[in-house]
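Work through these exercises with the structure in view. Try each task before you read its solution.

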Amino acid sequence: MEKKLLSVKDLRTNFRTADGELSAVRGISFDLDKGETLCIVGESGCGKSITSLSLMGLLPSNGYISKESSINLNGTDLSKLPKERLRSIRGRDISMIFQEPMTALNPVLTIGYQLREPLMLHQHLLKQKAHAKGIELLTQVGIPYPEKRMKQYPHELSGGMRQRVMIAIALSCRPQLLIADEPTTALDVTIQAQILDLMDDLKNQLGMGVIMVTHDMGVVAEIADRVMVMYAGEKVEEGDVESIFTNPQHPYTRGLLNSVPDIDDPSFELEAIPGSLPNLNEEISGCRFHPRCPFATDRCKADSPKEYELHSAHRVKCWLQEEVEIHADDRETIPS
Amino acid sequence: MQTIEKPSLLKLEGVKKYFPIKGGLLQRVQGNVKAVENVSLEVFEGESVGVVGESGCGKSTLGRTILGLEEITDGKVYFQSQDTQALSSKERKAIKKDMQMIFQDPYASLNPRQKIGNALEEAFVIHTNLSKEDRKQRVVELLQEVGLKEEHYDRYPHEFSGGQRQRIGIARAIALNPSLIICDEAVSALDVSVQAQVLKLMKGLKDKYQLTYLFISHDLGVVRYFCDRVLVMYLGNTVELASSEKLYENPLHPYTKALLSSIPRPKMGGKGERIRLKGEIPNPANPPSGCPFHTRCPIATDLCKQSKPEWKEAEANHFVACHYVGKELN
């Protein structure tokens, strides 16, 4: 059986706006295996949500994926498919969980209706069968009294319950790829822990690939197999979760890890990244992080860094790696 | 902690805040949402006290009640040893100068059609007799104090990023040299890299102006970094109060324990033993009998269902409300 599920090559997503062309995603590539969880991390405006919407084919009408990009799911290039074909894949092979379940669920339709819909559309089940399957799904995501819930409306459920319903809908057709865009950001921590556990269980049961978009490094450490760090529309570092947390290479990744207070260590000193995130339309020469980078050199200002490979599972886009390559045995020489 | 010997700045005694639920044909009061239920707390000069809890636990309402933005249902709020409810409106105005608030969303608390300079100047117009030039001078100083520039004086709120707007919110709060600042989720809406900058700024200002903070947040990591003491709330009730060190190293209440173990740690191998809470936070309009936490508590017994645990000092300066503190359970 082929292990690779998704292969994204040189994804570029642009928007036509009144102020001209806006590049939200600037050429990122990554792969995802079956049963693997990839976390995309970055701060607001770094293009992580637009990346996930591009994969789903759900970009707003003024957004488009440029021609040289390809999104390969099991051998089909999603970026080139006509809308109709994409619609039959979406919900069946790929599905998505959004941050705010109240805005993603339709407030005037019952939970039952919204659960039955994908089953009747994609699996051509009859209403009664779909209803029974819906109850089964609600039980699977840990919702008590599923028969009663099928008749209720989204506003009658709490935030955690709504997110469980979203997960049930997303998983109804047993997708191969699940994209979760900040699924727990709007939830309280005790509920977040429940939802993360649930997603992990279901991933193992169904063997699907998961792409999780988040800004919370804690969530990443908890569930990711691999991590991709994005900054201002570009991928700056990618690696297995162990490597990213124990040996982060890019100054931005380090900054991100050092700007979250350590709950177990009172003497932890915060190191803020100076400056603020650039606007999408800001043209920055060279490395897009250089105005905020403490190690920036003239070269960073002039040329965009190439991608360096630390080992097969860890790649980083930063000129500092050049120095590292010279002292390949002595990685500690990078200023920290 | 040494802070205990310092003079008391703010004292709450059995503070309650209920919101009536009206309904029916005649809009009669049918019940109450018990947002804050019997909170007693003393805040000493120069310390930072964190108030943590999940959404709906009453932490924001508590902050608003202290400031007088919400009318208090029962109990007393003493500020600098004065009963805030017994004051005349003139005295109240004087006290308001000393208590300020930083809100979560600074954009919502700034007038979009007012220049930043004018928004900041307002405090001086109301509370001081400074001349126009002096006021402008003070505003420019304030802007520089929070890391903004003089040229920002003539800009409008929409021209600033989220982090900069929060700096404006801070500038406005410190304008009149207050002694107490209440921060309601002041850094929650910011990106982590910007959040760290704002936290450092607030910590620096605290040392410089001997500020006292009441820091309301749901982020226990930020609270540990920022606060000397922490109050944990659940469903309007105080659950545990201790110095940060004690609370994080040795939590006594099962809710605090569960809360701390639920937080995902941003590092490898940090996953210790987990306590997973079942179920959801009950509705504050219809709170459970006895201990408010018994419906989700892993060690709840019949006693917890029937009687509400007392707020007691289990260890020196470590308060907790649980029947089973210090008792071994099997």
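**Exercise 1. Find the bridge partner of A:Gly239 in β13(A), then place that strand in its sheet.**

Step 1. A:Gly239 has A:His314 as its bridge partner in β13(A). Strands here are DSSP runs of E with at least two residues, and helices are runs of H or I with at least four residues, numbered from the N terminus.

Step 2. A note on the source: this is a predicted model, in which local features need pLDDT of at least 70 and side-chain atom pairs count only at pLDDT 80 or more, while totals for chains, interfaces and linings use all residues. Residues are numbered from 1 along each chain as its sequence is written, and chains are lettered from A and ligands numbered from 1 in the order in which they are written.

Step 3. Strand β11 (residues 234-240) and strand β13 (residues 314-317) of chain A run antiparallel, joined by 3 bridges. Two strands pair if DSSP finds at least two bridges between them.

Step 4. Read the order of the open sheet in chain A: β7-β8-β9-β3-β10-β11-β13-β12, which is 8 strands with mixed pairing. At the edges are β7 (94-97) and β12 (307-311) of chain A, each paired on one side only. On average, neighbouring strands of this sheet are turned by 20° against each other, direction ignored.

**Exercise 2. Which strands of chain A does helix α1 lie across?**

Step 1. Helix α1 of chain A covers residues 48-56. The strands it lies across are β3 (37-41), β7, β8 (177-181), β9 (209-214) and β10 (226-231) of chain A.

Step 2. Helix α1 runs at about 150° to β8(A). Axes are lines fitted to C-alpha atoms, for helices over the stretch in contact, and angles run from 0 to 180 degrees between N-to-C directions.

**Exercise 3. In what order do the strands of the open sheet in chain B lie?**

Step 1. The order is β6-β7-β8-β3-β9-β10-β12-β11 (chain B), again 8 strands with mixed pairing. The edge strands of chain B are β6 (99-102) and β11 (312-315).

Step 2. Look at strand β10 (residues 237-243) and strand β12 (residues 318-320) of chain B. They run antiparallel, with 2 bridges. B:Leu241 stands opposite B:Phe319 in β12(B).

Step 3. Add a helix. α5 (residues 162-174) of chain B packs on the sheet and touches β6 and β7 (180-184) of chain B. Its direction makes about 175° with that of β6(B).

**Exercise 4. Is strand β9 of chain B mostly covered or uncovered?**

Step 1. Strand β9 (residues 229-234) of chain B is mostly covered, with 6 of its 6 residues buried. A residue is buried if 20 or more other C-beta atoms lie within 10 Å of its own, exposed if 12 or fewer, and partly exposed in between; C-beta atoms are placed from the backbone.

Step 2. Sort the residues by face. In a regular strand the side chains alternate between the two faces of the sheet. B:Arg229, B:Leu231 and B:Met233 are on one side of β9(B). B:Val230, B:Val232 and B:Tyr234 are on the other.

Step 3. Find the neighbours. Strand β3 (residues 48-52) of chain B runs parallel to β9(B), with 4 bridges. B:Val51 has B:Leu231 as its bridge partner. β10(B) runs antiparallel to β9(B), with 6 bridges. There B:Leu231 is partnered by B:Leu241.

Step 4. Check the turn. β9(B) and β10(B) form a hairpin with 2 residues between them. B:Leu235 in this turn has a positive phi of about 55°.

**Exercise 5. How many residues of domain 1 of chain B are in contact with domain 2 of chain B?**

Step 1. Set the bounds. Domain 1 is 3-23 + 30-98 + 176-320, and domain 2 is 108-175. Domain bounds come from an automatic or database domain assignment.

Step 2. Count the contacts. 14 residues of domain 1 of chain B touch 12 residues of domain 2 of chain B. Two residues are in contact if their C-beta atoms, placed from the backbone, lie within 7 Å.

Step 3. On the domain 1 side, α6(B) gives the largest share, 7 residues.
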